[in-house]
Amino acid sequence: MATNSNLGKNARLYLLGAMFLFWCVAICGRLVYLQIFRYGGFVKQAEHQQQREIPLSAKRGVIYDRAGHELAMSVLVDSAFAVPTEVKDLPTAVSLITRITGDDHNVVLADCRNHKTFCWVARKADDETIQRIKSLNLQGIHFQKEPKRFYPARDLAAQVVGTVGMEDSGQSGIEHAFDDELRGRAGKMFISVDARRQWFSDVEKQPEPGENLVLTIDKNIQYIAEKELEQAIHDTQAIAGTVIVENPHTGEILALANRPTFNPNLRKEITPNALTNRAVSYAYEPGSTFKLVTISAALEEKLTNPDEIFDCQMGSIVYNGMRIRDSKPHGLLPVWGVLAESSDVGSIKIALRLGEDRFYKYIRSFGFGQQTGIELPGETRGMTKPVSRWSKVSIAAISMGQEIGISAIQLAGLVSTFANDGVWVAPRIVAGPVEPQGTPQSVAFHPGASHRVISSYTAAEMRSMMQKVVISPGATGRRAILEGYTSAGKTGTGQKVDPATGAYSKTKYIGSFAGFAPLNNPQIVVVVILDSAVGLHQGGQIAAPVFHRVAQQALEYLHAPHDLPLAPNHQLLLASRVKDKDLEEGTPDHPGEPLETAEVDGDASEFAAAKASAARTPLRQAQGRLSPETAGSAGNVVQAAVRQSEPMSPTRASAGEEPTQHAKTPAAAETAFAAQTKLPTSGTVVLDVEQGGIEVPSFVGKTVRGAVEAAQDAGLELEAVGSGVARQQSPAAGTRVAAGAHVTVQFGR
């Protein structure tokens, strides 16, 4: 019995031992499975629960004008974020914050619930908003510095510079076209929460700033263009307008203004219509400005000459069953008179002599029906048809600027070709990149592609004929006469298509003027386009006066030598006697198809978004936005110096020059022109400041935010040390330093 009892006890011990061994093996196996096979998954799960990777936005590069004025820059501002695990009552906290920011409460709350370790509650807010959030003293709400895009010139060149989104990605303009270069490389920051729900951050990778860009835009000329365009919009009640100022020899765009416009600092107020850069994205029927192509092509082919007489048949012609009439009866006119008085009948006769194939060759050679290559997004090719798709009356319609669509930048290229001795040069608006550093730098500007369209002789003939558009009695461009400078150009008036009927509107017109000055040594080309003016609408009535004001101020600003006496002369007396009815042009007849129904060399859909529909802006509001301070007229930064690679020879005098245009003999005038300082065909733009350029303001007594804003207004970089109120600064107030210099400010409580 004792033996059996012992055996039973041993069996139970063996069974217990086996069970213990199995339990140990199971536990060890489970530990091995969890620690080895599931280790990676648990680590990722823990990181998801306790840690979140936050990208640190890099400081975007600065966008400068040609003289070193900042058009776009980045400043550090506060952003508020929440660690949801630290917030006791998350819905209440989010509700309080969104009442201040105006954001959607449900969207912010959902984001915070989806991310337990980190969620934004107020991104790149203004100082007042941040202070109000801080005053709530909410647990779990923290603050982080982030770069925010700031546009010190506000709405100046807004469509050119463009805008960025909340994540600092370019959305329009140069900001979008050069986003990769400007945005730099983002850094990484990790937000972690420990077991006691305490958070801490670790910056793994510092962000790298982006490259700076220098534009060919001149801030002061841009201000002139925008001011005069705003005045014209107010005076004519036009719904939109464009002004372009270009250096005809290099293709540099000195100003590109659009209306309607916007302030890129006020992102929530920007409308899609205001974002449209009409200078490059909007195609329209040019009207009589296209006669420049018709006549120059015939001259180049030696099919006519400026003095050949054409019978304009008292302003009426029948072509392939279509009657086409001038705005007023014209009898016998020389070719230069056809251009000066804008006779459609004369232009049609010249085009018929030229022929369809040769005409189309010059249309393409002048850059129409293709992009110019300017460094701006959304450029249209315009609207052209190959000769095989022309109707029986297309040559007549196109010769006077109908049945073809062009952009303002293409029109500037056309006129620049005549001013540049017959050579078409691609327009450029970006001079080049510069590295992000504080010392003055230079940027080498290289003109874009170029090709000869017409001979130098034909270009000289065209310049002389375009001058007669401005000075001849009966010409349509007499309100473009300048004081102290010769000028030349061409007016244009095109009818718009009524979207409701698909036919040409009898009340909506696009008036334009494109010209250059001075005549024999062109410094600038100016294009003015006004859309749907109320009342007077002819190009000579509404656009030529804008050319006069813009060109006069720009030439004086560029210190272009006068080539006419400043005292009242024959030209100014002629301009003062002009009547509105004498400036009418264009035909009431439309032999071709409306622009919108014409065949397109490419995608016609790109024009659908370019329809103008904008409310007028009161003049006093515009003047408030375009203050002289906005234009940088204080003169702290010196105009960009230019190092010419070689002296530029003056353009030779035009044929058929008017005696009243010169106070000097031709030889003396040629010597004077050779001595002029011209915008070069190549060279280096030097971003520099005059000795002791900017006076350092006093920051003492300001908050950090106030000091940052004061520094940005002064064009300085602020290095803040501490918090509270500014106590000391270096350099001292009143010291003169270079633009972009660093100022260290000590803050204390």
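# Reading a predicted model, feature by feature

Modeller: Let us begin at a helix end: H12 is followed by lysine 302, whose phi is positive, near 60°. Please keep in mind that this model is predicted.

Biologist: Thanks! How many residues of helix H12 are buried?

Modeller: Helix H12 covers residues 291-300, and 9 of its 10 residues are buried, so the helix is mostly covered, given that buried means under 20% relative accessible area. The buried ones are Lys291, Leu292, Val293, Thr294, Ile295, Ser296, Ala297, Ala298 and Leu299.

Biologist: And what share of the residues in the chain is buried?

Modeller: Of the 749 residues in the chain, 54% are buried. The chain has 24 helices and 28 strands. Among contacts with a separation of 6 or more, 76% are between residues 24 or more positions apart.

Biologist: Back to phi. Which asparagine has a positive phi near 55°?

Modeller: That is asparagine 137, a residue other than glycine. Asparagine 137 sits in the loop that runs between helix H5 (127-136) and strand E5 (141-150). With a relative accessible area of 69%, asparagine 137 is exposed.

Biologist: Where is asparagine 320 found?

Modeller: Look in the loop between strand E12 (316-319) and strand E13 (322-325). Asparagine 320 is not a glycine, yet its phi is positive, about 50°. Its relative accessible area is 46%, and asparagine 320 is therefore partly exposed.

Biologist: Now the peptide bonds. Which residues does the cis bond with omega about -15° join?

Modeller: It joins alanine 517 and proline 518. Proline 518 belongs to the loop between strand E20 (504-517) and strand E21 (524-531). Another cis peptide bond runs from arginine 259 to proline 260, with omega near 5°. For proline 260, the loop is the one between strand E10 (253-259) and helix H10 (272-275).

Biologist: I would like to read a sheet next. What is the strand order in the open sheet of 3 strands?

Modeller: The order is E25-E28-E26, and the pairing is mixed. Strand E25 (717-721) and strand E26 (725-730) are the edge strands, each pairing on one side only. From one strand to the next, the twist averages 30°.

Biologist: In what sense do E26 and E28 pair?

Modeller: Strand E28 spans residues 742-748, and E26 pairs with E28 in the antiparallel sense over 5 bridges. To see one of the partners, find glutamine 728, whose bridge partner in E28 is glutamine 746. Helix H24 (residues 704-714) packs on the sheet and touches E25 and E28, and its direction makes about 160° with that of E25.

Biologist: Can you walk me through a buried loop residue? Where is threonine 216?

Modeller: Threonine 216 lies in the loop between strand E8 (212-215) and helix H9 (219-236). Its relative accessible area is 1%, so threonine 216 counts as buried. Apart from residues up to four places away in sequence, threonine 216 touches Arg66, Glu252, Ile253, Leu254, Arg428, Ile429, Val430, Ala431 and Phe445. Take isoleucine 429: it is 213 residues from threonine 216 in sequence, while the C-alpha to C-alpha distance is 5.0 Å.

Biologist: Serine 343 caught my eye too. Is serine 343 buried or exposed?

Modeller: Serine 343 counts as buried because its relative accessibility is 0%. Its loop lies between helix H13 (335-340) and helix H14 (344-354). Neighbours within four places in sequence aside, serine 343 is in contact with Lys291, Cys312, Asp326, His330, Leu333 and Val338.

Biologist: Last topic: how many cavities of 30 Å³ or more are there?

Modeller: The general idea is to roll a probe the size of a water molecule over the atoms, which shows where empty space is left. Here the count comes to 5 cavities of 30 Å³ or more. The largest cavity holds about 70 Å³ of space.

Biologist: Which residues line the largest cavity?

Modeller: The lining consists of Ala240, Gly241, Thr242, Arg278, Tyr282, Tyr284, Ala408, Ile529, Leu530 and Asp531. Strand E9 (240-246) and E21 are the elements that give two or more residues to this lining. By type, the lining residues divide into 6 nonpolar, 2 polar and 2 charged.

Technical notes
Residues are numbered from 1 along each chain as its sequence is written. This is a predicted model: local features need pLDDT of at least 70, side-chain atom pairs count only at pLDDT 80 or more; totals for chains, interfaces and linings use all residues. Side-chain values use heavy atoms; hydrogens and water are left out. Helices (H or I, at least four residues) and strands (E, at least two) are DSSP runs, numbered from the N terminus. Buried means under 20% relative accessible area, exposed over 50%, partly exposed in between (1.4 Å probe, protein chains only). Two strands pair if DSSP finds at least two bridges between them. Axes are lines fitted to C-alpha atoms, for helices over the stretch in contact, and angles run from 0 to 180 degrees between N-to-C directions. Contact means heavy atoms within 4.5 Å. On a 1 Å grid over the protein atoms alone, a cavity is a set of points where a 1.4 Å probe fits but cannot get out, and a pocket is an open set with protein on both sides within 12 Å along at least five of seven lines; lining residues have an atom within 4 Å of a point. Grid points are joined across faces, edges and corners, and a volume is the space filled by probe spheres set on the points. Ala, Val, Leu, Ile, Met, Phe, Trp, Tyr, Cys and Pro count as nonpolar, Asp, Glu, Lys and Arg as charged, and the others, Gly among them, as polar.
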